Amino acid sequence: MIRDLSGKVAVITGGGSGIGRGIALTFAREGMVVAVADIQSDAAAAVATEINDAGGSAFAVTADVTSVDSLAAAAQEVENRSGAVNLLCANAGVLRIASLDQHTIEDWEYTLSVNVLGVVKTVQAFLPQLRQNAPDAHIVNTASLGGLVSVEGFPIGAYTASKYACVGFSEMLRGELAPEGIGVSVLCPGVVESKLAQTSSENRPASFGEHRAPEADGALAGAERATITAPQAMPAEDVGPIVIRAVRENRLHVLTHPQSRPLVARRFEALMADFDFAEADG
Ligand SMILES: NC(=O)c1ccc[n+]([C@@H]2O[C@H](COP(=O)([O-])OP(=O)(O)OC[C@H]3O[C@@H](n4cnc5c(N)ncnc54)[C@H](O)[C@@H]3O)[C@@H](O)[C@H]2O)c1
């Protein structure tokens, strides 16, 4: 468990934008050395420059979380430049908004390769360094509120399945790493200002087929943009302090939107009702 962050080393995938950038800025203000990792090298470099210009300590690393080789190179570069990592944020993610009918197999493969296997590969790449620093070591995987509940009328099927998987992986990982003194948290934000719609399209390799905007599928004009700029969206920079508080206390689920509690309560009430049904005599 890490209580004193000052001087410790953090790496954040997807650090070039949105939530990852906000976390990077907050960690730097705590005195951490921050490795900003992103598939978009320019975005990562811009965030590192922003931190250094403000008197912090950061550097940029190019990393594609779908590639074991890219992550191995990034992990080596981070260790060479700053020493072994204490705090890993596996945060990079992508979003596809469309009904399941409109999800292609390539949509599924791309979403799962970044949001699920990308997190698994990132953890595997950095775990040896975290082990060197245990018990001053912690992992934060970014899932989503959509990894705890599925919201009717908001068609993000592959994304929801991927984030449920991220929550499950994180919960298992926490149990397995606890004896080594390495903490694990899973960040489950509600709607946060970001460029998720834009970057999900920009970063999609041709091998996964084209990213189709929801408009292209008819029913959802503007929905993808709306999720990211919705009036209730939390500023991305507000997420970092919540993450820090949770890391210091080694909380499992890091929740950013307490107003969403009824959604989760309803899910578990429905589950209990199904247990009641199973117990009842036919
Ligand atoms: N914005 C929200 O409302 C919201 C809510 C819940 C969860 N999340 C999750 O937060 C995380 C961060 O997303 P965001 O909303 O800040 O979006 P964002 O697009 O602003 O940031 C995502 C970053 O990830 C990078 N990225 C994408 N694919 C990558 C890859 N293969 N390798 C390395 N980097 C890659 C992008 O270049 C981008 O810089 C994601 O996992 C997302 O699912 C976002």
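The following legends describe close-up views of a predicted model.

**Figure 1. The open sheet of seven strands.** In this predicted model, 7 strands form an open sheet, and their order is β3-β2-β1-β4-β5-β6-β7. The pairing in this sheet is parallel. The edges are occupied by β3 (57–62) and β7 (253–255); each has a single partner strand, so one side of each is left without a neighbour in the sheet. Direction ignored, neighbouring strands of this sheet are turned by 20° against each other on average. Strands of a sheet pair through backbone hydrogen bonds, in either a parallel or an antiparallel sense.

**Figure 2. Strand β1 and its partner β2.** Strand β1 comprises residues 9–13 and strand β2 residues 33–38, and the two pair in the parallel sense over 5 bridges. Two positions illustrate this pairing. Ala10 has Val34 as its bridge partner in β2, and Thr13 stands opposite Ala37 of the same strand, β2. In a regular strand, side chains alternate between the two faces of the sheet. In β1, Val9, Val11 and Thr13 point one way, whereas Ala10 and Ile12 point the other way, and all are buried. Because 5 of the 5 residues of β1 are buried, this strand is largely enclosed by the rest of the structure.

**Figure 3. Ala10 within the largest nonpolar core.** The largest nonpolar core has 83 residues; those that touch the most other members are Ala10, Ala24, Val34, Val36 and Val243. With its neighbours within four places in sequence left aside, Ala10 is in contact with Phe27, Met32, Val34, Ala35, Val85, Asn86, Leu87 and Cys89. Among these contacts is Val34, which is also the bridge partner of Ala10 in β2.

**Figure 4. Strand β4 between β1 and β5.** Strand β4 covers residues 87–90; Leu87 and Cys89 point one way from the strand, Leu88 and Ala90 point the other way, and all are buried. Strands β1 and β4 run parallel and are joined by 3 bridges. Strands β4 and β5 also run parallel, joined by 4 bridges. Cys89 can be followed in both pairings: Ile12 stands opposite Cys89 in β4, and Cys89 stands opposite Val140 in β5.

**Figure 5. Strand β6 and its pairing with β5.** Strand β6 spans residues 182–188, and 7 of its 7 residues are buried, so the strand is largely enclosed by the rest of the structure. On one side of β6 are Ile182, Val184, Val186 and Cys188, and on the other are Gly183, Ser185 and Leu187; both faces are covered. Strands β5 and β6 run parallel, with 6 bridges joining them. In one of these pairings, Thr142 has Leu187 of β6 as its bridge partner.

**Figure 6. The surroundings of the ligand.** There are 32 residues around the ligand, and Gly14, Ser17, Gly18, Gly93 and Ser194 come nearest. Two elements give two or more residues to this shell, namely α1 (18–29) and α7 (196–202). Helix α1 gives the most, with 3 residues. By type, the shell divides into 13 nonpolar, 16 polar and 3 charged residues.

**Figure 7. Two backbone features in loops.** Most residues other than glycine have a negative phi, and most peptide bonds are trans. The peptide bond from Ala134 to Pro135, however, is cis, with omega near 10°. Pro135 lies in the loop between α5 (117–133) and β5 (137–142). Asn250 is not a glycine, yet has a positive phi of about 50°. The loop that holds Asn250 lies between α9 (239–248) and β7. Asn250 counts as partly exposed because it has 16 C-beta neighbours inside 10 Å, a value below the 20 needed for a buried residue.

**Figure 8. Two partly exposed helix residues.** Ser41 lies in helix α2, which covers residues 41–53. Because Ser41 has 14 C-beta neighbours inside 10 Å, this residue counts as partly exposed. Leaving aside its neighbours within four places in sequence, Ser41 is in contact with Ala60 and Thr62. The C-alpha atoms of Ser41 and Ala60 are separated by 7.4 Å, and the two residues are 19 residues apart along the chain. Leu263 belongs to helix α10, which covers residues 261–279. With 15 C-beta neighbours inside 10 Å, Leu263 also counts as partly exposed. Leu263 and Lys195 are 68 residues apart along the chain, and their C-alpha atoms are separated by 25 Å.

Notes: Residues are numbered from 1 along each chain as its sequence is written. This is a predicted model: local features need pLDDT of at least 70, side-chain atom pairs count only at pLDDT 80 or more; totals for chains, interfaces and linings use all residues. A residue is near a molecule or strand if its C-beta atom, placed from the backbone, lies within 6 Å of it. Ala, Val, Leu, Ile, Met, Phe, Trp, Tyr, Cys and Pro count as nonpolar, Asp, Glu, Lys and Arg as charged, and the others, Gly among them, as polar. Two strands pair if DSSP finds at least two bridges between them. Axes are lines fitted to C-alpha atoms, for helices over the stretch in contact, and angles run from 0 to 180 degrees between N-to-C directions. A nonpolar core is a set of buried Ala, Val, Leu, Ile, Met, Phe, Trp, Tyr and Cys residues joined through C-beta atoms within 7 Å. A residue is buried if 20 or more other C-beta atoms lie within 10 Å of its own, exposed if 12 or fewer, and partly exposed in between; C-beta atoms are placed from the backbone. Two residues are in contact if their C-beta atoms, placed from the backbone, lie within 7 Å.
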